[in-house]
Amino acid sequence: MAIIQINTLGEMQSPSLQVGDFAFYQAVDTSAPINTANNPILIGQITDLGENYIKVESSLDPANIIGFLMYSKSKIVNNSSLNGYYAEVTFRNNDVNHQAEIFAINSEVSQSSK
């Protein structure tokens, strides 16, 4: 497999994204946007990342990767849920021109020690 570079439209703002994560994309179905998130396509494992690009080991043509980019953590390294006693979460809508609505928030937390 080759190393391909995928450029993003702006600066990536995901501090938890790291080398070794798996990149996916989801093409947007403009005729039925509700069906967009049905089948994310695996691009490959991330080998390098910068402010506005990721490099991925993949056999896909980067010209065909259009739509939403997303990633998942490697289960080998990240094999448990969040650990700890206290969590603080901030949700921010950076698009001041459009309202955002959250329908559900879920988490899976394991107590780290007693």
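1. Val-89 sits in the loop between strand E6 (82-83) and strand E7 (109-110). Please keep in mind that the model is predicted. Val-89 counts as exposed because its relative accessibility is 58%, and the cut-off for exposed is over 50%. Val-89 also belongs to a nonpolar surface patch, made together with Phe-91, Ile-102 and Ile-105. The patch covers about 430 Å².

2. On the overall fold: the protein has seven strands and zero helices. Along the sequence the pattern reads β-β-β-β-β-β-β. The protein has 114 residues, and 19% of them are buried.

3. Next, charge pairing. How many salt bridges does the structure hold? There is one. Its partners are the side chains of Asp-21 and Lys-73, with 3.0 Å from N to O. Asp-21 is in the loop between strand E1 (2-7) and strand E2 (22-26), and Lys-73 is in the loop between strand E5 (68-72) and E6, so the pair ties together parts that lie 52 residues apart in sequence. Side chains of opposite charge can pair when their charged atoms come close.

4. Are the two partners buried or exposed? Take each in turn. Asp-21 is buried, because its relative accessible area is 1% and buried means under 20%. Lys-73 counts as partly exposed, because its relative accessibility is 26%. The bridge thus joins Asp-21, a buried residue, to Lys-73, a partly exposed one.

5. The loop between E1 and E2 deserves a second look. Leu-17 is found there, as is Asp-21. Leu-17 counts as buried, because its relative accessibility is 12%. Where does the chain bring Ile-46 relative to Leu-17? Their C-alpha atoms are separated by 9.2 Å. Along the chain, the two residues are 29 residues apart.

6. A second pair involves Leu-60. Leu-60 lies in the loop between strand E4 (53-58) and E5. Leu-60 is partly exposed, with a relative accessible area of 29%. From C-alpha to C-alpha, Leu-60 and Gly-44 are 8.8 Å apart in space. In sequence they are 16 residues apart.

7. Now the largest pocket. Its space comes to about 350 Å³. The lining has 20 residues. Which of them lie nearest the centre? They are Thr-8, Leu-9, Met-12, Gly-67 and Leu-69.

8. Which strand gives the most to that lining? E5 does, with three residues. E1, E2 and E5 each supply at least two residues. By class, the lining of the largest pocket counts 13 nonpolar residues, six polar and one charged.

9. The second largest pocket has a volume of about 170 Å³. Its lining is made by Gln-13, Ser-14, Pro-15, Arg-92 and Asn-94. These residues divide into three polar, one nonpolar and one charged.

10. To recap for a reader at the model: start with the exposed Val-89 and its patch partners Phe-91, Ile-102 and Ile-105. Then turn to the salt bridge between Asp-21 and Lys-73. Finish with the largest pocket, with Thr-8 and Leu-9 among the residues nearest its centre, and the second largest pocket, with Arg-92 and Asn-94 among its lining residues.

Technical notes:
Residues are numbered from 1 along each chain as its sequence is written. This is a predicted model: local features need pLDDT of at least 70, side-chain atom pairs count only at pLDDT 80 or more; totals for chains, interfaces and linings use all residues. Side-chain values use heavy atoms; hydrogens and water are left out. Patches are made of residues with over 30% relative accessible area and no salt bridge: like charges are joined within 9 Å, nonpolar side chains (Val, Leu, Ile, Met, Phe, Trp, Tyr) within 5 Å. Accessible areas come from the Shrake-Rupley method with a 1.4 Å probe; for residues, only the protein chains shown count as cover. A salt bridge is a side-chain nitrogen of Lys or Arg within 4 Å of a carboxyl oxygen of Asp or Glu. Helices (H or I, at least four residues) and strands (E, at least two) are DSSP runs, numbered from the N terminus. Buried means under 20% relative accessible area, exposed over 50%, partly exposed in between (1.4 Å probe, protein chains only). On a 1 Å grid over the protein atoms alone, a cavity is a set of points where a 1.4 Å probe fits but cannot get out, and a pocket is an open set with protein on both sides within 12 Å along at least five of seven lines; lining residues have an atom within 4 Å of a point. Grid points are joined across faces, edges and corners, and a volume is the space filled by probe spheres set on the points. Ala, Val, Leu, Ile, Met, Phe, Trp, Tyr, Cys and Pro count as nonpolar, Asp, Glu, Lys and Arg as charged, and the others, Gly among them, as polar.
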